[in-house]
Amino acid sequence: MQWRGRRQSSNIEDRRGSGGGMRGGGGMRLPIRAGGGGSILIIIVALVLWIGFGINPLTLLGMDSGTGTQTTQSGPGVAGTSDTTDDFVATVLADTEDVWGRRFQAAGETYPAPTLVLFNGQVNSACGFAGAATGPFYCPSDQRLYIDLTFFDQLRNQLNAPGDFAQAYVVAHEVGHHIQNVTGILPEFNQARQSMSEADANAMSVRVELQADCYAGIWAHDTDRAGYIEDGDIDEAMNAAEQIGDDTLQKRSQGTVVPDSFTHGTSAQRQTWFRRGYETGDMASCDAINADI
């Protein structure tokens with residue numbers, strides 16, 4: 001992806017080095033690592049509570065105080081750092097602002113750009129407390145994207161999804177959740193799932209995630225038309241979509257696949273919906289909520 005020398009977003013908060021949640025909007029999950037049986041069970045239960053029901057498991061354990069001291073840096077890009085990953089993320093975020101800003105303007109509306117929060121280890125959000133193991137996520141309550149950049153190391157080294165455009169896809173996917181939030185889709189889902197069974201909530205969560213993948217594809221479509229996509233970029237995104245599909249993650253982590261527990265979609269589904277957005281550039285084609293998936 002051609003990103004160097006381009007505009008960087010000012011909607012960045014750097015909370016790294018400060019103490020610092022999650023629940024609610026959706027995000028990329030990390031696979032469960034091997035370890036003690038009891039620890040794995042606890043992690044699985046926690047993930048089911050969070051993903052299936054929107055319940056912050058730390059609240060049940062009395063560990064979520066909802067408070068914390070956080071230092072914030074903001075401005076164009078990330079102030080005071082020389083990490084090119086910071087600059088890359090700030091550029092990708094700016095690119096999403098340009099893409100969705102133009103689309104909202106064409107519809108006679110103003111795009112309310114989200115803020116991206118960089119953290120390491122743990123963070124407090126308006127949705128609760130989260131650790132790095134939850135992966136990147138979007139909190140609809142404060143309209144912020146949260147990313148621990150070490151996720152990109154895991155994406156490359158453990159999930160076999162290298163490349164800068166694989167990373168850009170992750171950011172664009174979380175921005176896709178923001179689009180769902182401001183258009184009312186995410187609030188409707190969060191309200192409806194309170195009365196759903198676990199299986200129904202999981203099934204609806206898959207649709208929400210696939211639509212976010214499709215919106216990421218729309219961003220890629222417009223970025224390609226602007227001339228910033230290079231050979232191999234779309235392949236990197238498609239590979240990332242494959243590597244983080246529910247079936248692929250479950251096979252990798254536990255050797256078996258449990259379709260009823262899927263919350264983000266299979267590898268094939270995630271690839272299909274990203275490509276749909278990329279090839280059509282049409283938001284109407286991204287109606288995974290009602291379409292046959």
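**View 1. V117 and its bridge partner in the parallel pair of strands β3 and β7.** In this predicted model, V117 has Y146 of strand β7 as its bridge partner. The two residues belong to a longer pairing, since strand β3, which covers residues 115–118, is joined by four bridges to strand β7, which covers residues 144–147, and the two strands run parallel. When looking along either strand, it helps to remember that in a regular strand the side chains alternate between the two faces of the sheet.

**View 2. The hairpin of strands β6 and β7.** Strand β7 also pairs with β6, through three bridges, and here the strands run antiparallel. Within this pairing F137 stands opposite Y146, the residue that is also the bridge partner of V117. Four residues lie between β6 and β7 in the hairpin that they form, and one of the residues in the turn, Q143, has a positive phi of about 55 degrees.

**View 3. The disulfide of C127 and C139.** A disulfide is a covalent bond between the sulfur atoms of two cysteines, and a search of the whole structure finds two of them. One joins C127 to C139, with a distance of 2.0 Å from S to S. Because C127 lies in the loop between β4 (122–125) and β5 (128–131), while C139 lies in strand β6 (residues 137–139), the pair ties together parts that are 12 residues apart in sequence. The torsion about the S-S bond of C127 and C139 is about 90 degrees, and therefore this disulfide is right-handed. Both C127 and C139 are buried.

**View 4. The disulfide of C214 and C286.** Here C214 and C286 form a disulfide in which the sulfur atoms are 2.0 Å apart. Since C214 is found in helix α7 (residues 198–225) and C286 in the segment after α10 (267–280), this pair ties together parts that are 72 residues apart in sequence. The link of C214 and C286 is left-handed, with -70 degrees about the S-S bond, and both cysteines, C214 and C286, are buried. If the bonded cysteines are counted along the chain, the disulfides follow the pattern 1-2, 3-4.

**View 5. Helix α9 and what covers its buried residues.** In helix α9, which spans residues 246–254, the buried residues are D246, D247, T248, L249 and Q250. Among the elements that cover these buried residues of α9 are α8 (233–243) and α10. Just after α9 comes G255, which takes a positive phi of about 80 degrees.

How values were computed. Residues numbered from 1 in each chain as written. Predicted model: local features only at pLDDT ≥ 70, side-chain atom pairs only at ≥ 80, totals over all residues. Heavy atoms only, no water. Disulfide = S-S within 2.5 Å. Buried < 20%, exposed > 50% of the residue type's maximum accessible area, 1.4 Å probe, protein only. Pairing = 2+ DSSP bridges. Contact = heavy atoms within 4.5 Å.
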